[in-house]
Amino acid sequence: MELFDPAELPELLKLYYRRLFPYAQYYRWLNYGGVTKNYFQHREFSFTLKDDIYIRYQSFNNQSDLEKEIQKMNPYKIDIGAVYSHRPSQHNTVKLGAFQAQEKELVFDIDMTDYDDVRRCCSSADICSKCWTLMTMAMQIIDRALKEDFGFKHRLWVYSGRRGVHCWVCDESVRKLSSAVRSGIVEYLSLVKGGQDVKKKVHLSEKLHPFVRRSINIIRKYFEEYALVGQDILENKENWDKILALVPETIHEELQKGFQRLHNSSQRWEYLRKVISTSQNMKNDKCGPWLEWEIMLQYCFPRLDINVSKGINHLLKSPFSVHPKTGRISVPIDFHKVDQFDPFTVPTISTICRELDVVPTNEKDKEEHEGEPDNSKHRIRDYKKTSLAPYIKVFEQFLGNLDKSRKGELLRKSDLQKDF
């Protein structure tokens, strides 16, 4: 893994924004075929510059304007906001109350730090291959529900560049959803509830909702390898006491004795399952197999940042932004290969600039490059020389599906008009 030096970031970003950033595809995405007048022009972008200088309400006429401004400002981070009633860059000239967020993709933000109470390998901003399985499970659970339970077609999953993932749901009807409907969707997708002081965060009943059952089926595929082997959640008394806090006190003594006799998390988990299904105390407590599922869900179920999803005007980090701490590019994830996605193989800005083999090393080099024509064809060839290429291909496939849907919808509308 190549080490990234944050001190090099300003120069690397200049090169990245001039030679590698996929402006054409990016504009094609956010313009949505130009079907709605001024859709792109009314979109908010925000830039975080060096030393955490934050600039909101940027907006652009076209791809060329966006390109010029990004290259001029050299942002450390780019965020995407809503499509507003007026151009965001002119929001100060609009009379009070008239400037309103009208549309935005439905977005989800899943961050590894929200799992700190249930992962043992890392904490805070750190991640490793053991806990990354949490993101793999989260993506599968949320994506299945968005696709099958809600019928949403266009879902773009993106690695945040450090410790989490984002999802952009881009269907035309979804972009128009009100904040109340977005809240309802995210509420449907949330099972783990309660802050740090709440020990038991998942409560199921005898009647399991199909969404819960399907989520458990996904978790079950990973649970032994992830929770019992990788995280070793029942390794010692300190850890198994956390799980005992999630089950009725009437079986604590029985479990404590059994756990002490056994040798590893897998054996202790099997014993826990046996006690849940056979203990007379459990029957008296009116508990059932869902107790085991509550534990699995508390340790493995996705934890969403609700505020990011429900607010139409909420900003979210843009795909192809660079993470200033890790240097990793925020790349689209090929959902067909979600199990193989490895955040540690995502290219850093240092890597792709080196792959270009044109990292300016002195002033003379810079002067030579400054005279070059900066056209799109030149840039297309450039990114194809680097390890960014497969991720841009994933993005292009996503855009192709959006285009197909849009054309299908236009044909359907014209056919309906003919019928009249």
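Leaving out residues up to four places away in sequence, Val 338 touches Thr 136, Met 139, Gln 140 and Ile 333. This little group of neighbours is a convenient way into the structure, which is a predicted model. Val 338 sits in the loop that runs between β8 (316-317) and α14 (349-356). Its relative accessibility is 5%, and because burial means under 20% relative accessible area, Val 338 counts as buried. One of its contacts reaches far along the chain: Thr 136 is 202 residues away in sequence, yet the C-alpha atoms of Val 338 and Thr 136 are separated by 6.6 Å.

A step back shows the setting for this loop. The chain contains 17 helices and eight strands. Its C-alpha trace spans about 80 × 65 × 40 Å along the principal axes. Of the 420 residues in the chain, 52% are buried. Among contacts between residues at least 6 apart in sequence, 70% join residues at least 24 apart, and the pair of Val 338 and Thr 136, 202 residues apart, gives a concrete picture of such a separation.

Thr 136 also leads to a pair of helices. The axes of helix α4 (residues 129-149) and α7 (210-230) come within 10 Å and cross at roughly 170°. Angles over 145 degrees count as roughly antiparallel, and α4 and α7 are therefore roughly antiparallel to each other. On the α4 side, the contact is made by Lys 130, Cys 131, Thr 133, Leu 134, Thr 136, Met 137, Gln 140, Ile 141, Arg 144, Ala 145 and Asp 149. On the α7 side, the contributors are Phe 211, Arg 214, Ser 215, Ile 218, Ile 219, Lys 221, Tyr 222, Tyr 226 and Gly 230. By character, the residues of this contact divide into 10 nonpolar, five polar and five charged. Thr 136 and Gln 140 take part in this helix contact and are also among the residues that Val 338 touches.

Following the chain onward from α7 brings Asp 232 into view, in the loop between α7 and α8. Phi of Asp 232 is near 50°, a positive value in a residue other than glycine. With a relative accessible area of 22%, Asp 232 is partly exposed. Beyond this loop, helix α9 (residues 252-261) has Leu 255, Gln 256, Gly 258 and Phe 259 as its buried residues. These buried residues of α9 pack against α8 (237-244) and α10 (265-278).

A second helix pair lies earlier in the sequence. The axes of helix α2 (residues 23-31) and helix α3 (residues 63-73) come within 10 Å and cross at roughly 125°. An angle between 115 and 145 degrees falls outside the parallel, antiparallel and perpendicular classes, and α2 and α3 are therefore oblique to each other. Their crossing is right-handed. Tyr 23, Ala 24, Tyr 26 and Tyr 27 of α2 meet Gln 63, Leu 66, Glu 67, Ile 70 and Gln 71 of α3 in this contact. The residues involved divide into six nonpolar, two polar and one charged.

Two loop residues in this part of the chain make an instructive pair. His 42 is placed in the loop between α2 and β1 (43-49), and at 14% relative accessibility His 42 counts as buried. Leaving aside neighbours within four places in sequence, His 42 is in contact with Ala 82, Val 83, Tyr 84, Ser 85, His 86, Arg 87 and Pro 88. Asp 52, in turn, is found in the loop between β1 and β2 (53-58). At 67% relative accessibility, Asp 52 counts as exposed. Phi of Asp 52 is near 60°, again a positive value in a residue other than glycine.

Strands complete the tour. Strands of a sheet pair through backbone hydrogen bonds, either parallel or antiparallel. Here, three strands form an open sheet in the order β5-β7-β6, and the pairing is antiparallel. The edge strands, each pairing on one side only, are β5 (106-111) and β6 (155-159). On average, neighbouring strands of this sheet are turned by 15° against each other, direction ignored. Between β5 and strand β7 (residues 164-169), the antiparallel pairing extends over six bridges. One residue pair illustrates this: Gly 164 in β7 is the bridge partner of Asp 111.

Key:
Residues are numbered from 1 along each chain as its sequence is written. This is a predicted model: local features need pLDDT of at least 70, side-chain atom pairs count only at pLDDT 80 or more; totals for chains, interfaces and linings use all residues. Side-chain values use heavy atoms; hydrogens and water are left out. Axes are lines fitted to C-alpha atoms, for helices over the stretch in contact, and angles run from 0 to 180 degrees between N-to-C directions. Helices (H or I, at least four residues) and strands (E, at least two) are DSSP runs, numbered from the N terminus. Angles under 35 degrees count as roughly parallel, over 145 as roughly antiparallel, 65 to 115 as roughly perpendicular and the rest as oblique. A crossing is left-handed if the near helix is turned anticlockwise from the far one by less than a right angle, and right-handed if clockwise. Contact means heavy atoms within 4.5 Å. Ala, Val, Leu, Ile, Met, Phe, Trp, Tyr, Cys and Pro count as nonpolar, Asp, Glu, Lys and Arg as charged, and the others, Gly among them, as polar. Two strands pair if DSSP finds at least two bridges between them. Buried means under 20% relative accessible area, exposed over 50%, partly exposed in between (1.4 Å probe, protein chains only).
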